[in-house]
Amino acid sequence: MRKKVIIKELLKRKKIKTAELYKMFPMAGETIRKDLVILEKEGLIRRYYGEILIRENQDDIQSLGILSKEERQNRILKYIHHKKTVRV
């Protein structure tokens, strides 16, 4: 659930400060960091000093460019839910 919220927010804004995530979710920072590590390993985000950015240069994500913003969001969220490769 948290990972979906993080991705939805990144799709809207392109980047989020880590401190904002800690305010969004009332839980230990370690839990959020674990989610971010998973999302980064899946190639969906990129972590930089205090910021998280959506990765749109991955082949699967980049190929979603021909879809509408809503369709891209749905496919990325579906990918997270099923942990399968996104196909266009």
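Two residues are in contact when heavy atoms of each lie within 4.5 Å. In the predicted model described here, residues 24 or more positions apart account for 53% of the contacts with a separation of 6 or more. The secondary structure of the protein comprises five helices and three strands. Followed along the sequence, these elements appear in the pattern α-β-α-α-β-β-α-α. Of the 88 residues in the protein, 34% count as buried.

The packing of two helices was then examined. Two packed helices are described by the angle between their axes and by the distance between those axes. For helix α1 (residues 2-13) and helix α3 (residues 29-41), the angle is about 65° and the axes are 10 Å apart. Angles of 65 to 115 degrees count as roughly perpendicular, and α1 and α3 are therefore roughly perpendicular to each other. The crossing in which α1 passes α3 is right-handed. On the side of α1, the contact is made by Arg2, Lys3, Ile6 and Ile7, while α3 contributes Thr31, Asp35, Leu36, Ile38 and Leu39. Sorted by class, the residues in this contact between α1 and α3 are five nonpolar, one polar and three charged.

Charged side chains were considered next. Across the whole structure, the search finds seven salt bridges. One of them is formed by Glu51 and Lys15, whose closest N and O atoms are 3.7 Å apart. Glu51 belongs to strand β3 (residues 51-54) and Lys15 to strand β1 (residues 15-17), so this pair ties together parts that are 36 residues apart in sequence. The two partners differ in their burial class: Glu51 is buried, with a relative accessible area of 19%, whereas Lys15 is partly exposed, with a relative accessible area of 40%. The value for Glu51 falls in the buried class because that class takes in relative accessible areas under 20%.

A further salt bridge lies within a helix. The side chains of Glu30 and Arg33 meet at 3.2 Å, N to O. Both Glu30 and Arg33 are located in helix α3, where three residues, about one turn of the helix, separate their positions. Glu30 is partly exposed, with a relative accessible area of 40%, and Arg33 is also partly exposed, with a value of 36%.

The side chains of Glu40 and Arg47 likewise meet in a salt bridge, for which the N to O distance is 2.9 Å. Glu40 has a relative accessible area of 26% and is partly exposed; Arg47, at 34%, is partly exposed as well. In addition, salt bridges with shared partners join Glu9, Arg13 and Glu20 into one network.

The surroundings of Thr18 were also described. This residue lies in helix α2 (residues 18-24). Thr18 is buried, with a relative accessible area of 15%. When residues up to four places away in sequence are not counted, Thr18 touches Gly50, Glu51 and Ile52. Of these neighbours, Glu51 is the residue that forms the salt bridge with Lys15.

Methods: Residues numbered from 1 in each chain as written. Predicted model: local features only at pLDDT ≥ 70, side-chain atom pairs only at ≥ 80, totals over all residues. Heavy atoms only, no water. Axes fitted to C-alpha atoms, helices over the stretch in contact; angles between N-to-C directions. Helix = DSSP H or I, 4+ residues; strand = E, 2+ residues; numbered from the N terminus. Parallel < 35°, antiparallel > 145°, perpendicular 65-115°, else oblique. Left-handed = near helix turned anticlockwise from the far one by under 90°. Nonpolar A, V, L, I, M, F, W, Y, C, P; charged D, E, K, R; others polar. Salt bridge = Lys/Arg side-chain N within 4 Å of Asp/Glu carboxyl O. Buried < 20%, exposed > 50% of the residue type's maximum accessible area, 1.4 Å probe, protein only.
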